[in-house]
Amino acid sequence: MPDAPAPLIVARGLTKRFGAFTAVDGIDFEVARGESFGFLGPNGAGKTSTMRMIGCVSPASGGTLTVLGLDPASDGPRIRAKIGVVPQQDTLDTDLSVRENLVIYGRYFDLSYREAGRRADELLDFVQLTDRAKSKVEPLSGGMKRRVTIARSLINEPSLMLLDEPTTGLDPQARHQVWDRLYRLKQQGVTLVLTTHYMDEAEQLCDRLVVMDKAKIVAAGTPRELIERYSTREVLELRFPVGVLETLDGQLDALVDGTNARRLERLPDRVLVYAEDGEAASVAAHERGLRPESVLVRRSSLEDVFLHLTGRSLVD
Amino acid sequence: MASVSVPRSRASAEPRLLRSATHVLEYSLLAYRRSFRASLFSSFVQPALFLAAMGLGLGGIVDRSGATISLGGVSYLAFLAPGLLASAGMQTAFSVATYPIVAAINWVRTYFAMIATPLTPRAIALGEMAFMVFRLWMVTGIFSMVALAFGVYRSPGGFFLAWAAAILTGLAFATPVAAYSATRKNAESFNALFRFGMTPLFLFSGTFFPLERLPAFLQPVAWLTPLYHGVALARGFALGTLDPAAGVVHIAYLAILAGIGAIACLVTFERRLVS
């Protein structure tokens, strides 16, 4: 069934328990061939546990899971032969050269040395590290190591890639380089499944995503759908001096009643006003005597969705 | 980059266990290459110094004191060398089965890179045990050749059998210790293991003096230790003095220990890597 529209991954009531602790609590999702699918959520939401079950290195405690039409419980090695994994923590051998890391990894997939070497050269070119092929991994920057890990995960020409927080800890420039490579893979038809706690990453890379919180999926859809469903088009951010915010309840509530503002979110140092027209809300706030230190009107993001769904911000 | 874009529909069958284990061994050999020269050198220097200082130097005094009878009628050098050979097997076992395993699980996380591929924890355990055999073969082989230069052996057969005995001795330590190491989150307990495990065995298992010199109540304790059996076996082979029945007991004891350790490795590697 090479071209059948069957989903690459199907999870029903998928659960993972560690003793009395439930890391993943009965989640349902499907990932279609060629799409790029994200798990968005704060640390400890259950994203990594879910990824490890999909990667067939952690048996499910309950529910069902199918990956590439196979059952991870009985076909783990066969599934792993066809997927590429970029783990959260780098697992490169820092004493081997960049190229050696790729070639020996190819051997794990039973490739000949010749074929593994050919692919390693091609992939180093793809991640723009050809000139570092012979250098050891140790002195490379964090961003370069990530790219080596990505190149390594492609050595078996996977149709499905699992990326667990692919850009956590990287500087902005390195993040963009990684995104660029992932975007190219996506265009080539590789199915990407990734976890992230960065809004911009999810918005950049994911066609569809689920928001996870406390081991459960709390929302699902395209980034646009989620923003439309759980937020407004624009957000007005009003920043007040310390101590002032608590005295403003009356005026803030009046803002929601009398204007196009739909909803307020009070953060320790600022108020977020959710409105279709941020500029109009700003004028209205001024008319009601609010004198914030600074005012910012911006487009709504997944951060706002998460805040709305859980009452907490994603990255603390 | 056309190759990356083509999803492979050809189902690749699960590689067999031994084939997978071979790939793990390949990795270990590749990683070992970087320290090969230094390790080769120290494997040679260590026995040369020990045999020169203790075998010839100390041995000169021992032999003149008329102790030859209690050593079984041989020179102190000939008595000592096979014991040190078996001890070298044990020491190598401790070094390959402790820190490298803890590093591959907790620090470099090599094993976690491996289990993301078709390799299984069992293949990793088997491959690592194969690498331990290789290291034991190498270290005890160099030791054997140094001892050969000192004129220790009575026959060519004795040379090879004593070498094999040293490898078996090492394996009897390596597999149980590796199984234990796979359960560790850090290397804290290793110092105690070396100090209270390896060192007393090294000193009191008949390597430096016959067990009969120990207080009577300690002798049965010594008989229970694996190194005693390894030393007795290597010495018996090297000097051609092995009692066949005792030889069978020594080999069986060491082989059973190595076997139990190997099974324990399969279990603890699986438990640690898949959760």
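**A friendly note on the two-chain model**

1. Starting with chain A, the domain assignment splits it into domain 1 (9-220) and domain 2 (232-299). Taken over C-alpha atoms, the centres of domain 1 of chain A and domain 2 of chain A are separated by 40 Å. Please keep in mind while reading that this is a predicted model.

2. A sheet in chain A is worth a look. Six strands make up this open sheet, running in the order E5-E6-E7-E3-E8-E9 (chain A), with mixed pairing. Strand E5 (83-86) and strand E9 (216-221) of chain A are the edge strands, each pairing on one side only. On average, and with direction ignored, neighbouring strands of the sheet are turned by 15° against each other.

3. At one of those edges, E5(A) pairs with strand E6 (residues 160-164) of chain A in the parallel sense, over four bridges. If you would like a spot to zoom in on, A:Ile83 stands opposite A:Leu160 in E6(A).

4. Now to where the chains meet. Chain A gives 35 residues to the contact and chain B gives 32. On the side of chain A that touches chain B, the elements giving two or more residues are helix H2 (72-80), helix H3 (98-108) and helix H4 (113-126) of chain A. The largest share, five residues, comes from H3(A). By class, this side of chain A divides into 16 nonpolar, eight polar and eleven charged residues.

5. H3(A) also deserves a point of its own. This helix packs against helix H2 (residues 17-32) of chain B at an angle of about 160°, the axes lying 9 Å apart. Angles over 145 degrees count as roughly antiparallel, and H3(A) and H2(B) are therefore roughly antiparallel to each other. Their crossing is right-handed. The residues that meet are A:Glu100, A:Ile104, A:Arg107 and A:Tyr108 in H3(A) and B:His23, B:Glu26, B:Tyr27 and B:Leu30 in H2(B). The contact of H3(A) with H2(B) has four nonpolar, one polar and three charged residues.

6. Lastly, a helix pair within chain B. The axes of helix H3 (residues 36-64) of chain B and helix H4 (residues 76-97) of chain B come within 9 Å and cross at roughly 145°. H3(B) passes H4(B) in a right-handed crossing. Among the residues making the contact are B:Pro47, B:Phe50, B:Leu51 and B:Met54 of H3(B), together with B:Tyr76, B:Leu77, B:Leu80 and B:Leu84 of H4(B). The residues of this contact divide into 13 nonpolar, two polar and one charged.

Terms used:
Residues numbered from 1 in each chain as written. Chains lettered and ligands numbered in written order. Predicted model: local features only at pLDDT ≥ 70, side-chain atom pairs only at ≥ 80, totals over all residues. Axes fitted to C-alpha atoms, helices over the stretch in contact; angles between N-to-C directions. Left-handed = near helix turned anticlockwise from the far one by under 90°. Contact = placed C-beta atoms within 7 Å. Nonpolar A, V, L, I, M, F, W, Y, C, P; charged D, E, K, R; others polar. Pairing = 2+ DSSP bridges. Domains from an automatic or database assignment. Parallel < 35°, antiparallel > 145°, perpendicular 65-115°, else oblique.
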